[in-house]
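Q: Please take a close look at the salt bridges in this structure. Which residues do they join, and how buried or exposed are the partners?

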Amino acid sequence: MQGMSERQYAAHVGLSRGAIQKAKTAERLVLYPDGSINAAASDARRAETTDPSKTRKPPAPKLKPVPEAAVAAVGDTLREQGLAVPAVGGGTTFLQAKTASEVLKAQERRIRLQKLKGELIERARALALVFRLAREERDAWVTWPARAAALMAAELSASCSDATGQQIAVEPAAMQKVLEKHVRAHLDELAEVRPDFR
């Protein structure tokens with residue numbers, strides 16, 4: 001056999017065997033005397049006789065566009081691990097994306113394990129605990145002047161004397177008023193603090 005069989009030529013040009021048989025019947029192929037197909041001459045003849053507008057173009061591969069956020073996430077994950085990061089606008093290789101995926105899976109497993117061990121708690125629960133502790137702290141400070149004023153007044157009265165050497169009595173009620181004023185001013189300052197829970 002000098003040339004190609006119908007099956008071989010069909011594979012060569014990317015058509016079905018039926019399409020090659022039709023082309024053979026329509027004498028659009030060049031055949032050797034033994035009936036085999038002369039590939040080079042048949043390619044040339046097909047190119048001359050085929051209307052380019054009627055040729056089927058192979059379908060373009062359908063690639064889904066990758067969101068920029070996903071590419072950035074891959075870069076961030078690789079950067080966190082000290083690995084090579086894709087260049088901006090250069091695209092991400094499959095290996096980089098696969099590596100980032102495996103790193104994220106490992107991190108997710110580690111977080112799940114830490115939750116099971118009780119080392120991590122939910123953010124909402126942590127916020128509720130911090131809020132409750134802050135409220136208890138505030139309440140303790142609000143009642144502190146009433147408890148401490150009498151003791152402080154007694155201590156100050158014992159240690160204070162005027163220019164004549166007489167003891168000066170400090171009124172517990174006046175002491176409590178001054179303390180409450182300063183404690184409330186301090187608590188107002190603390191109320192302005194807004195923690196960033198990002």
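A: The following account describes selected salt bridges and the surroundings of their side chains. The model is a predicted one, and it holds nine salt bridges.

One of these joins K24 to E6, with the closest N and O atoms 3.0 Å apart. The pair connects distant parts of the chain, since K24 lies in helix α2 (residues 17-25) and E6 in helix α1 (residues 6-13), 18 residues apart. The two partners can be described by their accessibility. E6 has a relative accessible area of 15% and is therefore buried, the limit for that class being under 20%. K24, at 26% relative accessibility, counts as partly exposed. This pair also belongs to a wider arrangement: E6, R17 and K24 are linked in a network of salt bridges.

Another salt bridge lies within helix α6 (residues 123-159), where R132 and E136 are four residues apart and so separated by about one helical turn. Between R132 and E136, the closest N and O atoms are 3.9 Å apart. R132 is partly exposed, at 38% relative accessibility, and E136 is likewise partly exposed, its relative accessible area being 44%.

A further salt bridge is formed by the side chains of K115 and E122, at 3.4 Å from N to O. K115 has a relative accessibility of 44%, so it counts as partly exposed. E122 is partly exposed as well, with a relative accessible area of 49%, because the exposed class begins only over 50%.

Key:
Residues numbered from 1 in each chain as written. Predicted model: local features only at pLDDT ≥ 70, side-chain atom pairs only at ≥ 80, totals over all residues. Heavy atoms only, no water. Salt bridge = Lys/Arg side-chain N within 4 Å of Asp/Glu carboxyl O. Helix = DSSP H or I, 4+ residues; strand = E, 2+ residues; numbered from the N terminus. Buried < 20%, exposed > 50% of the residue type's maximum accessible area, 1.4 Å probe, protein only.
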